[in-house]
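Biologist: Hello! Could you bring up the model, so that we can go through it together?

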Amino acid sequence: MKKFTMAFILALGCQTTLPAQDANYSYFKYTGNDVRFQQQYDPQTQYVNPILAGFYPDPSVCRVGDMFYLVNSSFSFFPGVPIFESKDLVNWQQLGHVLDRPSQLPLDGQRVSQGIFAPDIKYNAKNKTYYMITTSMRIGNFFVKTTNPHKGWSEPIMLPQIDGIDPSFFFDKDGSAYIVHNGPVEGGHDYEGQRAIRIMRFDVKGDTIITKGTPDRRGWLQIVRGGTHVQEKPIWIEGPHLYRVGKYYYLMCAEGGTGDWHSEVIFRASVKSDITDPQSWEECPNNPILTQRTLYDYVFGGNSALPADAVTSTGHADLVEDAKGQWWAVFLGCRPYEGPYYNTGRDTYLLPVTWKDGWPQILEKGKPVPTIVDKKDLTPNTHHLSPLTSNLSPLTSNFSYTDRFDTPELSQRWIFLRNPTAFYTTGHGLTIRPEAVNIRQRQSPSAIFCRQQHTTFEAETSLTFTPTNDKELAGMAVLQNEEYNFVMGKTLLNGKPAVVLTRSEKENTLIGSAFIDSEKPLRLKITGDGRYYSFYYAQDQGAWQTLAQGVDAINLSTSRSGGFIGACIGLYATKAN
């Protein structure tokens with residue numbers, strides 16, 4: 001997998017000389033301390049949900065031998081589609097990213113929540129090849145493939161026949177292959193939000209969709225119209241996956257939209273039937289097999305306080321069988337701090353699957369997603385229990401790490417918004433060259449981002465920077481999207497060096513400022529506790545000074561801002577207002 005080194009950034013066309021106004025960062029420190037993660041558990045026999053905390057939505061998983069592989073949506077961040085491996089489904093190590101070259105992932109002009117949607121990863125045992133298929137909001141539906149996930153993936157192979165989103169592969173035992181996806185309802189929708197699930201035959205040797213014998217000659221056949229309990233007008237059936245278990249094929253889908261009414265539903269068809277025939281499919285009488293929609297009264301307008309370990313909006317699941325025959329589900333969920341509001345985005349969760357009368361159940365109706373779950377044969381990583389060095393990336397529980405940028409590569413925790421264009425170097429701190437782009441524009445800013453993984457957190461850095469005018473700024477940003485964010489940094493205010501803080505909720509507002517000594521290194525710190533964030537600064541080794549305290553950060557919540565990501569913390573420089 002590609003590592004992001006100075007050589008890679010230089011290949012993008014940047015210069016090697018460093019002008020005086022470059023921003024130099026000596027470290028970045030992050031600490032998370034959520035109440036839900038303070039519960040005691042035995043890492044040898046138990047695990048904690050979520051298994052990937054923060055902006056890791058739309059999980060898809062497969063098993064090859066004794067190794068599991070998992071991918072997530074990345075939207076307009078580069079590199080795209082983080083990929084992880086694990087031997088126990090709990091303790092994951094990031095391999096890198098599936099889409100790690102600009103040729104695979106053009107993102108220019110994309111809004112933050114456009115880009116890459118709902119990747120699906122599958123392994124075809126017949127040709128010993130891994131496939132990752134996804135939707136790009138810029139170039140359409142495509143897949144990439146590899147025989148070794150450690151060594152990189154192919155260029156995109158386009159699938160223009162797919163009209164819709166969320167494609168997923170299924171490779172059957174006899175070598176036949178299919179793609180299922182969300183698409184428009186045949187003949188037009190009957191109500192707003194009605195969608196369909198389509199199926200297409202796939203030619204593995206030709207890497208193409210088989211169009212012969214289909215009514216519209218594009219290859220698709222509609223197998224689900226609307227979703228479950230169609231008399232209730234279900235909306236947004238999507239994220240389909242096909243499986244073969246015993247004497248049945250199973251088609252599992254998300255339904256109800258990605259908000260509070262999110263759920264997972266399932267259908268089945270006999271292995272003796274034609275799975276491209278909608279009449280072959282029957283609906284599970286216990287649908288939905290996963291949801292949290294009825295647990296918390298705020299969904300219905302109530303005012304009760306949420307428990308500290310509440311999880312909402314569960315769905316978009318994928319199933320996998322382990323080597324011992326136990327089935328498991330990975331799925332997304334959210335950790336609200338108040339009502340429908342959460343800043344951490346959609347996490348990845350794991351639960352065992354139970355079977356009854358030939359139907360799977362991920363979670364019994366009326367039961368909350370558990371934080372601590374029993375599981376045998378765990379091989380725990382212990383690095384999340386103590387402060388970390390630069391290249392280790394913790395994924396869940398409470399933890400602290402300090403990145404001193406003291407290696408020739410950026411840690412895999414760092415991502416860029418759209419395709420990177422500015423100069424970054426590691427080994428003796430981090431240098432960012434300000435470009436004439438700010439984070440409110442649909443261009444590539446001079447910034448690197450990591451995920452906010454906790455509701456209660458601290459993030460701090462130290463930088464040296466000499467602005468020459470009031471358009472130049474270097475510091476930190478907390479980003480939800482172009483119109484909803486915070487920026488804190490050093491600039492010139494009325495011709496004098498100052499640290500400033502702006503809050504953006506459609507309108508950009510200056511909410512804090514202080515004049516500082518131009519020559520001393522500037523330390524910056526952001527703390528968050530649920531809805532409210534505080535912002536601090538210090539010069540050199542001096543005491544922390546308050547820039548703004550108890551600031552309402554509900555603008556970073558998905559329910560307020562819209563979109564699909566979680567808040568990301570950036571080291572950011574610009575020379576544009």
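Modeller: Happy to! This is a predicted model, and we can begin with L571, which touches Y25, F28, F405, W414, L430, I432, S446, A447, I448, T461, G475 and M476, leaving aside residues up to four places away in sequence.

Biologist: Thanks! Which strand gives the most to the largest nonpolar core?

Modeller: That core has 64 residues, and L571 is among those with the most contacts inside it, together with F28 and F535. Four residues of the core come from one strand, spanning residues 23–32, and that top contributor is β1.

Biologist: And how many residues does the second, separate core have?

Modeller: Its members include L89, V320, W359 and L378. The count for this second core is 40 residues.

Biologist: Is S313 buried or exposed?

Modeller: S313 has a positive phi near 60°, although it is a residue other than glycine. It sits in strand β22, residues 312–321. Buried means under 20% relative accessible area. S313 has 1% relative accessibility, so it counts as buried.

Biologist: What about K233: buried or exposed?

Modeller: K233 also is not a glycine and has a positive phi, about 55°. Its place is the loop between β16 (220–225) and β17 (238–245). The cut-off for exposed is over 50%. K233 has 53% relative accessibility, so it counts as exposed.

Biologist: Lovely. Which residue does a cis peptide bond join to P79?

Modeller: P79 lies in the loop between β5 (77–78) and β6 (80–86). Omega of the cis bond is about -5°, and the partner of P79 is F78.

Definitions and conventions: Residues are numbered from 1 along each chain as its sequence is written. This is a predicted model: local features need pLDDT of at least 70, side-chain atom pairs count only at pLDDT 80 or more; totals for chains, interfaces and linings use all residues. Side-chain values use heavy atoms; hydrogens and water are left out. A nonpolar core is a set of buried Ala, Val, Leu, Ile, Met, Phe, Trp, Tyr and Cys residues joined through side-chain atoms within 4.5 Å. Buried means under 20% relative accessible area, exposed over 50%, partly exposed in between (1.4 Å probe, protein chains only). Helices (H or I, at least four residues) and strands (E, at least two) are DSSP runs, numbered from the N terminus. Contact means heavy atoms within 4.5 Å.
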